[in-house]
Amino acid sequence: MFQQIIALMVIGFFLARIFIQRKNKQVSRTEFLFWLIFWFLSAMVIVFIKKIDILVADLGFSAAGIDVLLYLSVAALFYLIFRLRIKLEKIDREITKIVREIAIKK
Amino acid sequence: MNIDTKIFCIIPSYNEQDRIKKTIKDVKKIIKNIVVVDDGSSDETYKKAEETGVTVLRHVINRGQGAALQTGNKFAYDNGAEIAVHFDADGQFVANEIPRLLKPLFSSKYDVSLGSRFIGDESKMPWTKKYILFPIARLVNYVLLGVKLTDPQSGFRALSRKAMEKIVIEQDGSAHCSEILYKANINKLKIKEVPMTVIYNEYGQSLFHGKGRKKGGIQIIKDLLLAKIIQ
């Protein structure tokens with residue numbers, strides 16, 4: 001119970017931050033919505049962690065619900081890094097195009 | 001195509017202040033239009049190349065050999081080149097072999113002419129390259145790109161105008177060698193390999209290292225895989 005309260009407080013902190021950032025127009029509407037949904041879902045997971053334990057056990061996993069969520073988040077992080085790598089590669093190519101234009105125009 | 005064809009020799013160079021003048025001097029005996037692309041060198045390469053009176057383009061930051069070659073290709077193409085010859089600045093290639101490289105293109109039967117270290121016996125290649133690196137590179141080219149040629153990483157090549165148009169180099173680093181072969185293949189360009197000599201020096205690339213940006217065997221494989229995914 002105590003751990004859940006701590007986790008919800010952390011989520012509350014990040015939610016407050018994203019609202020402030022949106023108010024100061026530091027994040028776009030899409031980004032705001034993404035994080036809002038993300039933290040809301042995280043809060044739901046924390047609140048219903050016991051139910052998730054049962055669900056995970058029913059699905060045949062031997063680990064607790066929180067462990068399975070951790071595995072899933074590692075997989076999600078890998079995916080995000082991969083997306084980032086591709087985005088960087090594309091930016092890299094754009095930089096080369098600019099450098100090329102400068103070289104030829106000079 | 002005849003001997004009066006507008007031929008441009010593109011020399012990408014990165015920190016080659018000690019060798020660039022000699023390379024230009026050697027190539028000048030064969031080809032009049034020389035385009036040196038200084039790839040953001042931190043030494044006197046740009047100045048030394050300019051002193052020779054040839055066209056020198058400068059990348060404001062280092063982008064890699066593939067990027068420099070494409071800059072040269074674009075410049076040559078925009079200036080009406082019929083053939084572009086790629087020639088390394090580090091003194092590993094032999095300028096006197098350019099006519100042999102150009103011969104297939106003059107016949108109009110071929111669009112791409114590639115120097116190969118595995119035809120004839122003119123290069124004294126280190127055994128690590130001959131028996132380890134190049135067989136791996138050939139396998140990678142075949143598996144990833146479907147290209148089957150004797151020399152997977154040859155930098156000595158000549159492209160016809162049609163080939164320049166079809167092959168736009170997007171690989172900034174050393175993976176451009178494989179990319180060129182791949183694009184020539186998918187665009188059904190006719191390729192001819194000719195024997196070439198390579199004088200190996202300490203500046204070549206290995207499995208992990210190389211001079212400049214995005215060099216080395218492992219980096220090439222990484223770049224090719226990434227390009228495949230982005231596609």
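**Reading a predicted two-chain model**

Tutor: Let us start with Ser160(B), which sits in strand S6 of chain B. Keep in mind that this is a predicted model.

Student: Is Ser160(B) buried or exposed?

Tutor: To judge this, we count the other C-beta atoms within 10 Å of the residue's own, and 20 or more make it buried. Ser160(B) has 23 such atoms, so it is buried.

Student: Which residues is Ser160(B) in contact with, leaving aside its neighbours within four places in sequence?

Tutor: Those partners are Ile83(B), Leu105(B) and Asp111(B). You can also compare a distance along the chain with one through space. Ser160(B) and Ser113(B) are 47 residues apart in sequence, while their C-alpha atoms are 8.7 Å apart in space.

Student: Which way do the residues of S6(B) point?

Tutor: Look at both sides of the strand. Arg157(B) and Leu159(B) point one way, Ala158(B) and Ser160(B) point the other way, and all of them are buried.

Student: How many bridges join S4(B) to S6(B), and how many join S5(B) to S6(B)?

Tutor: S4(B) and S6(B) run antiparallel and are joined by 4 bridges. In that pairing you can find Val85(B) opposite Ala158(B). S5(B) and S6(B) also run antiparallel, with 3 bridges between them. Here Val112(B) stands opposite Leu159(B).

Student: I also see a helix, H4(B). Which of its residues are buried?

Tutor: Here is a general idea to begin with: an α-helix has 3.6 residues a turn, so residues three or four places apart point the same way. Now the case here. Helix H4 of chain B covers residues 98–106, and its buried residues are Ile98(B), Leu101(B), Leu102(B), Pro104(B) and Leu105(B). They lie on the same side of H4(B), because the arc they cover around the axis is only 150°.

Student: What do the buried residues of H4(B) pack against?

Tutor: They pack against four strands of chain B: S4 (83–86), S5 (112–116), S6 (157–160) and S7 (191–195). So you meet S6(B) again, this time as a packing partner of the helix.

Student: Which residue with a positive phi follows H4(B)?

Tutor: That is Ser108(B), and its phi is about 65° although the residue is not a glycine. You will find Ser108(B) in the loop between H4 and S5 of chain B. It has 11 C-beta neighbours inside 10 Å, so it counts as exposed.

Student: Where is Asn15(B) placed?

Tutor: Asn15(B) is in the loop between strand S1 (7–13) and helix H1 (20–28) of chain B. Its phi is positive too, near 50°. But Asn15(B) is buried, because 21 other C-beta atoms lie within 10 Å.

Student: Which residues touch the most other members of the largest nonpolar core?

Tutor: First the general tendency: in soluble globular proteins, nonpolar side chains tend to be buried together. The largest nonpolar core in this model has 54 residues, and the ones touching the most other members are Ile10(B), Val35(B), Val36(B), Ile83(B), Ala84(B) and Val85(B). Take Ala84(B) as an example. Beyond its neighbours within four places in sequence, Ala84(B) is in contact with Phe8(B), Ile10(B), Asn73(B), Ala76(B), Ala158(B), Leu159(B) and Met164(B).

Student: How many helices and strands does chain B have?

Tutor: Chain B has 8 helices and 7 strands. Of its 231 residues, 48% are buried.

Student: How many residues does each chain bring to the contact between A and B?

Tutor: Chain B brings 16 residues and chain A brings 11. On the chain B side, strand S3 (55–58), helix H3 (65–78) and helix H8 (217–230) each supply at least two residues. H3(B) gives the most, with 5 residues. By type, the chain B side divides into 8 nonpolar, 3 polar and 5 charged residues.

Student: Could we follow one residue of H3(B)?

Tutor: Ala67(B) is a nice choice, as it lies in helix H3 of chain B. It is buried, because 31 other C-beta atoms lie within 10 Å. Leaving aside its neighbours within four places in sequence, Ala67(B) is in contact with Thr96(A) and Asp172(B).

Student: Which domains are assigned to chain A?

Tutor: Domain 1 covers 1–47 and domain 2 covers 65–106. Taken over C-alpha atoms, the centres of these two domains are separated by 25 Å. For one last residue, find Ile66(A) in helix H4 (residues 65–105) of chain A. It has 15 C-beta neighbours inside 10 Å, so Ile66(A) counts as partly exposed.

Key
Residues numbered from 1 in each chain as written. Chains lettered and ligands numbered in written order. Predicted model: local features only at pLDDT ≥ 70, side-chain atom pairs only at ≥ 80, totals over all residues. Core = buried A, V, L, I, M, F, W, Y, C linked by C-beta atoms within 7 Å. Buried ≥ 20, exposed ≤ 12 C-beta atoms within 10 Å, placed from the backbone. Contact = placed C-beta atoms within 7 Å. Domains from an automatic or database assignment. Nonpolar A, V, L, I, M, F, W, Y, C, P; charged D, E, K, R; others polar. Arc of directions from axis to C-beta. Pairing = 2+ DSSP bridges.
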